[in-house]
Amino acid sequence: MASWYDVILITAIREAVLKGKLFKTIFGVWFVVCALSFQTSSAATALSEFSKSHQIDSFDLDHGAQVRTHRFGEYQLVELYIPAAKAALTVHDLRAKEVAVQAYRELQNKNTLAIVGGGFFGYNRHGQEQPIGLVRVDGKRKISVMPWSHGGVIASDGEGTLRIFPASSKGQGGRWKYALQSKPIIILNGNVDVAKNLRDAEYNRVAVGVTVQGDVLVVGLFQSFGQAATLVQFSHIYKSLADERELKILRALAMDGGAGAQIHIPKLGLVYGDTGLSYFPNALRFDAVVER
């Protein structure tokens, strides 16, 4: 039986002979076949590479917090685990257009465990960048809630308690000192809660998840060209990491992807994310709770 390569080539040649364009058509078919062959041979994904044996390094932070870094294929992954009530989450209204290292440097203090990229931004009628979605800082609403049908809000009292609730319960945001709206929720009750769709492209990704007990798992996946994974691939990687730690994540909320996907861990000198100029609407900061 003829292969699909043969079928394409024979059909194209037959058409070319009839139209008197044999050479151009043969060259065009050869180019398409080569491109398809290359695409097939380059089908490795972050998920398939992650499933293979790879380098993992562990680092301990204050109060039982732990960082693990992974290197596999052309990807870098970082996971930050924080035990319940051991870190205070604060939301910061940045609206900074610069490189991430500069934008985040001003947020750091001696107790900072990590700074994580925040929510989304869009453009106003003048073409200027502006944050999108609920932002509450120190008990004051900086940006109003967006009426998204999905996604959620991460909220904190700034003292060690934080929650993630769905967009349908967005009114709860006003009860918290800090709150940030983003989308989508990728893990719900321990299971992946996103499905493949045509708009699910490969980008650098970051998500923050919380268990019922209040344990926190932050995961970021990065690739040098910013094409780390689709949401579905990233969600399965996140679940695998949570399962390995025996954490049942109640909800994990994706932060902005692409250049906005950032994780900086000052105490270890670790910086993950796009290093170019971009607009950073806001950020999440985790500080070790100082015991009194």
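Here is a short chat about one buried residue and the cavities in a predicted model.

Trainee: What should I know before I start, and is Ile143 buried or exposed?
Mentor: This is a predicted model, where local features need pLDDT of at least 70, side-chain atom pairs count only at pLDDT 80 or more, and totals for chains, interfaces and linings use all residues. Residues are numbered from 1 along each chain as its sequence is written, and side-chain values use heavy atoms, with hydrogens and water left out. Buried means under 20% relative accessible area, exposed over 50%, partly exposed in between (1.4 Å probe, protein chains only). Because Ile143 has 15% relative accessibility, it counts as buried.

Trainee: Which residues does Ile143 touch?
Mentor: Contact means heavy atoms within 4.5 Å. Leaving out residues up to four places away in sequence, Ile143 touches Arg95, Pro131, Gly133, Leu134 and Val135.

Trainee: How many cavities of 30 Å³ or more are there?
Mentor: On a 1 Å grid over the protein atoms alone, a cavity is a set of points where a 1.4 Å probe fits but cannot get out; lining residues have an atom within 4 Å of a point. Points are joined across faces, edges and corners, and a volume is the space filled by probe spheres set on them. The count of cavities of 30 Å³ or more is two.

Trainee: Which strand gives the largest share of the lining of the largest cavity?
Mentor: That cavity holds about 50 Å³ of space, and its lining includes Tyr279, Phe280, Pro281 and Asn282. Strands are DSSP runs of E, at least two residues, numbered from the N terminus. The largest share, four residues, comes from strand E20 (residues 278-288).

Note on methods: On a 1 Å grid over the protein atoms alone, a cavity is a set of points where a 1.4 Å probe fits but cannot get out, and a pocket is an open set with protein on both sides within 12 Å along at least five of seven lines; lining residues have an atom within 4 Å of a point.
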